[in-house]
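Notebook open, model on the screen. I wanted to look up a few things and jot down what came out.

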Amino acid sequence: MCGIVGYVGAKDCSEVLVNALTKLEYRGYDSAGIAVFDDGEIRTVKTKGKLDDLRQKLKEVGKPSGHVGIGHTRWATHGEPSDINSHPHSGARVTIVHNGIIENYIELKEFLISKGRVFLSETDTEVVAQLLDYEYDGKPLETIDRVMAELKGSFALGIMFKDFPDRVFAVRRESPLIVGVAEGECFIASDVPAILQYTRDYYLLEHDEIATLTKDGVSFVDERLQPIEKELKTADWDMEAAEKGGYPHFMIKEIHEQPEAIRTTILPRIKDGLPCLDECGITLEELKEFKNITIVACGTAMHAGMVGKYVIEDLARVPVNVDIASEFRYRNPIVGRDDLVIIISQSGETADSLAALRLAKSKGATTLAIVNAKGSSIAREADMLIYTLAGPEIAVASTKAYITQLSVMYLFAFELALAKETLSVAECKRLISALQKMPDAVQYVIENCEEKCKYIATKLVSAESLLYIGRGLDYALSMEGSLKLKEVSYIHSESYAAGELKHGTISLINDEMPVISVATQTDVIPKTISNIVEVKSRGAEIILVCTDACARGLKDGIADYVVEIPHSEELLMPITAVVPLQILAYYTAINRGNDPDKPRNLAKSVTVE
């Protein structure tokens, strides 16, 4: 959510800030603004709306001219989207941008009002700006340190002090923030894509560390204001990887990138035809000891966990519980020393998932992180770690991150089953061989099903509600298909286990509710077809995603539209079967005039509750 950028150097600061913010649009926002040192004064320009609105306002009022500044794209939490609530916010001598939530902002605001402070906005951010200004004694680092001690909640801050026109300060707690460096210039940003057009070298700012940026470089101090040295990192993907590359949207580009993403994720983890997760800190000896597994995640990542549950229980015979992170952290979960808690997160910064990881560790459980963002908080704090290697995923609706999460779950399930001796080496090699064929299978589905899905999407444009049904792995997959459609098309959709239809849901079926069914698991296909017949008889239009073998056995008229995918190893079918569901969601959004990369009200990285 939201995006922070900052710059110190020789370039046109306003131009750098707006360009950098453009690379963070995928995070979701409803207002934008910049503040730049212009002839000794901090000049702020901000507006409700998108960056195009900010660019227009900069043309109208004139853009600030200078070489030091901060910028922000805001997703409203405290106070409606408006010009006045937009960031940056200022006190008399301090200007800041802020990501996160200040939990005790009301009591701080009441204190500041009692001291004569006047507030212009409804935001918690202005409280921080006013508090910094109130506490300021001419010493920026000491002031920031004192204010941090008073703040409760999560935050990343970019800060400018009026009497230090040559520098930007940055600090974080929970919310992500990086510091980029290049010759004669420094940057702050919420995520690496913002700075890739200028540099690939960056530092990760840790909790409660303060960075001071000047054109000559960056220095860091800890919470005791002691100087610290940090490791310089280099992004392993370049600007081209974060651009659209000729595709109209990132979402469809990332769907097309899935074969390579799977290949990149699995090949380094296969040795002599068997899974090898040694580099991730995972050994067969340790896996053998786990008695229970809990998978904790949010949204799409949780759906990947649902597939993982089916596969792990089937192959390794270990009980698996899948929990929504926001539920897990607010009850008293039964996990302990003999348990493994798997945290799945694309960004590695998801607030509820990070809190769940910390809770699991506090109860003595071993934790395993499956994340895409290198160096993220979840990646650093987990006991064991598997990176998904999907590369940058810019579209808010996850596609290639999800499919690589599935790929990792399969590798882990195979390794666990070997450790538990519930899977023979020969059978494991057969499954690994099938997994290695998945990139080509996904490529085949993209090439042969996209046009069909594009056509079917035209039939969904006027739908107000949809239903997704499936059984077993197909049900787990239907959850993700339903989420993907509602995320980008804004059509209400729900997923149900097909066998649950008669327990209430079938009362919703009529000729105005299309039903999308997934049928790839041979042992339950006859049951799923029976459920399809039930809803068809009540007037529903049926879209069926199924294997080519299943399609050949269908009676005429059972489904209105059939998307055939090649039959492969049934346990692995979710990898190929999700692709048509992603494509359907994308083209439905396009047909409804939506921007699938930036769905309303959604953010790529949910770093607050």
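**Strand 7.** I started with strand 7, residues 153-161, in this predicted model. How many of its nine residues are buried? Nine of the nine are, so the strand is largely enclosed by the rest of the structure. I had to keep the cut-off in mind here, because buried means under 20% relative accessible area.

Next I checked which way the residues point. Gly153, Phe155, Leu157, Ile159 and Phe161 go one way, while Ser154, Ala156, Gly158 and Met160 go the other, and all are buried. That fits the textbook pattern: in a regular strand, side chains alternate between the two faces of the sheet.

**Its neighbours.** Which strands does strand 7 pair with? I looked up strand 6 (residues 94-102) and found nine bridges joining it to strand 7, with the two running antiparallel. As a landmark I noted histidine 98, whose bridge partner in strand 7 is leucine 157.

Then I turned to strand 8 (residues 168-173), which also pairs with strand 7 in the antiparallel sense, over five bridges. Here I marked alanine 156, whose bridge partner in strand 8 is arginine 172. Strands 7 and 8 make a hairpin, and six residues lie between them.

**The parallel sheet.** Further along the chain I traced an open sheet of five strands, ordered 19-18-20-21-22, with parallel pairing. Which strands stand at the edges? They are strand 19 (320-324) and strand 22 (384-387); each has a single partner strand, so one side of each is left without a neighbour in the sheet. On average, neighbouring strands here are turned by 20° against each other, direction ignored.

Inside the sheet I picked out strand 18 (residues 292-297) and strand 20 (residues 339-345), a parallel pair with five bridges. Isoleucine 295 stands opposite isoleucine 342 of strand 20.

**Helices on the sheet.** Helix 9 (residues 299-316) packs on this sheet and touches strand 18, strand 19 and strand 20. Its direction makes about 170° with that of strand 19. I also looked at helix 13 (residues 400-419), which lies across strand 18, strand 20, strand 21 (366-371) and strand 22. Helix 13 runs at about 165° to strand 20.

**Out on the surface.** Last stop was leucine 120, in the loop between helix 3 (105-114) and helix 4 (124-135). Is leucine 120 buried or exposed? Its relative accessible area is 65%, so I put it down as exposed. I found it in a nonpolar surface patch with Ile84 and Val118; together the three have about 320 Å² of accessible area.

Notes: Residues are numbered from 1 along each chain as its sequence is written. This is a predicted model: local features need pLDDT of at least 70, side-chain atom pairs count only at pLDDT 80 or more; totals for chains, interfaces and linings use all residues. Side-chain values use heavy atoms; hydrogens and water are left out. Patches are made of residues with over 30% relative accessible area and no salt bridge: like charges are joined within 9 Å, nonpolar side chains (Val, Leu, Ile, Met, Phe, Trp, Tyr) within 5 Å. Accessible areas come from the Shrake-Rupley method with a 1.4 Å probe; for residues, only the protein chains shown count as cover. A salt bridge is a side-chain nitrogen of Lys or Arg within 4 Å of a carboxyl oxygen of Asp or Glu. Helices (H or I, at least four residues) and strands (E, at least two) are DSSP runs, numbered from the N terminus. Buried means under 20% relative accessible area, exposed over 50%, partly exposed in between (1.4 Å probe, protein chains only). Two strands pair if DSSP finds at least two bridges between them. Axes are lines fitted to C-alpha atoms, for helices over the stretch in contact, and angles run from 0 to 180 degrees between N-to-C directions. Contact means heavy atoms within 4.5 Å.
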